Amino acid sequence: MRRTLLTIVSLSFLLHATAQTTDAKMKAYVANLMSKMTLDEKIGQLNLVTPGWGVPTGSVVSRGVEDNIRKGRVGGLFGIFGPDKIRQAQTLAVKESRLHIPLIFGLDVIHGHKTIFPIPLGLSCSWDTTLIERSARIAAMEATADGLCWVYSPMVDIARDPRWGRIAEGSGEDPYLGSKVARAMVKGYQGTDLSKDNTVMACVKHFALYGAAEAGRDYNTTDMSRIRMFNEYLPPYKAAVDAGVGSVMSSFNEIDGIPATGNHWLLTEVLRNKWGFKGFVVSDYTSVNEMMAHGMGDLPTVSALALKAGLDMDMVGEGFLTTLQNSLKAGKITLKEINDACQRVLEAKYKLGLFDDPYRYLNESRPDKEILTAQNRQAARETATRSMVLLKNERQILPLKKSGTIALIGPLADNHSEMLGTWAVSGDKSKSISIIEGLKNVAGNGVQILLAKGANITDDTAFAKRISPFDKPTEIDPRTPDAMIQEAIDVAGKADAVVAVVGEAAEMSGESASRTNLDLPGSQRKLIEALVKTGKPLVVVLLNGRPLTIPWLDEQAPAILEAWFAGTEAGNAIADVLFGNYNPSGKLTTSFPRNVGQIPIYYNHKNTGRPYEGGNPKFKSDYLDVDNSPLYPFGYGLSYTTFTYDTIQLSQNTLRPGQSITASILLKNTGNMAGEETVQLYIRDLAGSVTRPVKELKGFQKINLNAGEMKKVEFTITENDLKFYNSELRYMAEPGEFKLFIGTNSRDVKEAGFRLVK
């Protein structure tokens, strides 16, 4: 044992020494290069532009890009991919600029590059960090095969307001789970060596608090106490930093009255000084310039503010490029501030190996061999099945039999273009598997499938145009709504069961896709109501990028599967679940509200001085017209089998510093088939120096059990699990009474009590 410990210590020392040597070489190389650079070239490294050769991701496209590259006035490009296009731009930099400094190339690779995985909100519902890490690893391999070395992911914003469209891009409402996902994504993208040609530098975003936009309206302001920031919103960003993320993107919103892009407290005091971040910070799209609209001053003023705050790279707006020299002359910024930013950008390029070989990611033979491969598609299919959440299954309608006749109905039933979901910028819609294709692939010849559209996604032509401003409007069928519903009823009448596929268009969620009404569009609701009246066994499959308000659907439809936007293999994965090839195991990572009036709604809320706990509601914290509870709580998800939980057993009832408590519970599969259950651990601090949430997720385990099988599930609780930031922003655990909960979701739990003694 002693020899093993010595070996571990020696190895740790060796790795540390090697890292120090590598770091010293990098700093020496960059310092030597910077000694040769003019002021204009240093500022040029801080300029990130998009040439407009690829995918539009904003309202501005940079001009004069090629000429600026030759002059050393561009540090990186984004929005293009493919070895040929990237080689063209890189050659300009390394052959025609004075110092031959290579460019860094980035792209919004959010849930896959060309093999598209489920939207991140769907991915998080797998509660499977190994699976999520694999999805990022595959995305990194495909992205690098297409010439990229930098991806703007993961998005780790905590979001508790589903009106905000970008809830689709994150991991939901919980900081503990969000932190686990953030670590997994960073590890998947960056691997263990950024200089390899199949790893990419990740960019965690949006720093910070973007998911708390007021009224759920994109780009809107945020306002919260620092104690709430540190306890509830900042942990996933810190987890990404602790995992070694190479870059950070500033957010559009303000924090404490100062936009994040120009916020020194955020970008320097917290990110660098408190958390020890060593990478570089890039602005979001034109967010430097947008500080003018916030009311922070003219372009020279906001550009200087951003640089002094700790921003290193200016995306698209070119405020740095056009104003920093004059600001330096005027004494509004210092040369050290420019040098520090330039150094951090150049160090990122060094870590990626671009100075050793600017073309290391440009192997023209890789795309055909590594992109959209059968293996990658199979991984996307498996991941998609595990992201789906069974919300309801009365009378065990699901799984469907692979025999008889099925009526497949709905505007998303025979559709390729909407399968990928939002922010699949390099995905090929034509390569996606539609749901009718998937059902045919999985069911085989034993099932006859009858198809009817039944309704448009929306009948509102003006709304259809607003959904897709960069693309053709969401399709509206020339037939009347009544004629389409009648066709659906006729088709349903010939079937043994009906599968209705409804929800959102892909761009009804995501960036700049906020909604005040989260119901299914009226055309689709009418379709479902008509199908219910047929009396046929009805399964509703939801495709959407956010929680919807569907209490009426929960009342009327006997079976509901939340499939999210499942990606390239959507149709096959949905069919795998519907026919029972895979027993669904997904669990919600966002609470589903009953109506928009409940929003924001989330499980880990604070109590009030007048909590409603049943009985007479007058003068209690409740609504007159709806229950306080969500329609479906955080952590909720059914299976084709059933699980029962016994009582919690604690190894001891008192916890002291340096000790631990083991909490165990017997879990039994009481159904007729094998299944997987995500056992969830929550803790509540009953009395603190500041108010504490009613529950906080502190652990989870995914357990596979055969029919009738039983297993003891154990969790270890230490003092660290009880820590929080107090009113002085000290991270500590306070002695006192605690409750511990274990169960199938945040609502349905067993509980026990223990005490922390210090």
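**View 1. Ala208 lies in the loop between strand S5 (201–207) and helix H8 (226–233).** Helices (H or I, at least four residues) and strands (E, at least two) are DSSP runs, numbered from the N terminus. The model is predicted, so local features need pLDDT of at least 70 and side-chain atom pairs count only at pLDDT 80 or more, while totals for chains, interfaces and linings use all residues. Residues are numbered from 1 along each chain as its sequence is written, and side-chain values use heavy atoms, with hydrogens and water left out. In this view the peptide bond to examine is the one that joins Phe207 and Ala208, which is cis, with an omega of about 10°.

**View 2. A cis peptide bond runs from Leu398 to Pro399.** Omega for the bond between Leu398 and Pro399 is near 0°. Pro399 is found in the loop that connects strand S11 (389–393) with strand S12 (404–409). As background for this view and the next, most peptide bonds are trans, and most residues other than glycine have a negative phi.

**View 3. Asp256 and its positive phi.** The phi of Asp256 is near 55°, a positive value in a residue that is not glycine. Asp256 sits in the loop between strand S7 (254–255) and strand S8 (258–259). With a relative accessibility of 39%, Asp256 counts as partly exposed, a class that falls between buried (under 20% relative accessible area) and exposed (over 50%), using a 1.4 Å probe and protein chains only.

**View 4. Glu318 and its positive phi.** Here phi is near 60°, again a positive value in a residue other than glycine. The loop that holds Glu318 lies between strand S10 (314–315) and helix H13 (319–329). Glu318 has a relative accessible area of 16% and is therefore buried.

**View 5. Two cysteines, Cys203 and Cys342, are buried.** Cys203 has a relative accessible area of 0%, and the value for Cys342 is likewise 0%. For Cys203, the closest cysteine sulfur belongs to Cys149 and is 12 Å away, which is too far for a bond. For Cys342, the closest cysteine sulfur is also in Cys149, at 17 Å, and this too is too far for a bond. A search of the whole structure finds zero disulfides, where a disulfide is a pair of cysteine sulfur atoms within 2.5 Å.

**View 6. Helix H22 (residues 570–578) is mostly covered.** Nine of the nine residues in H22 are buried, and a reader following the helix along the chain will meet Ala570, Gly571, Asn572, Ala573, Ile574, Ala575, Asp576, Val577 and Leu578. These buried residues pack (contact means heavy atoms within 4.5 Å) against two helices, H16 (374–387) and H17 (435–443), and against three strands, S14 (497–503), S15 (538–543) and S16 (559–562). After H22 comes Gly580, which has a positive phi, near 85°.

**View 7. Strands S21 (residues 675–685) and S22 pair in the antiparallel sense.** The pairing of S21 with S22 extends over nine bridges, and two strands pair if DSSP finds at least two bridges between them. To find one place where residues face each other, look for Gln680, which stands opposite Phe700 in S22. Strand S22 (residues 696–705) is itself mostly covered, since seven of its ten residues are buried.
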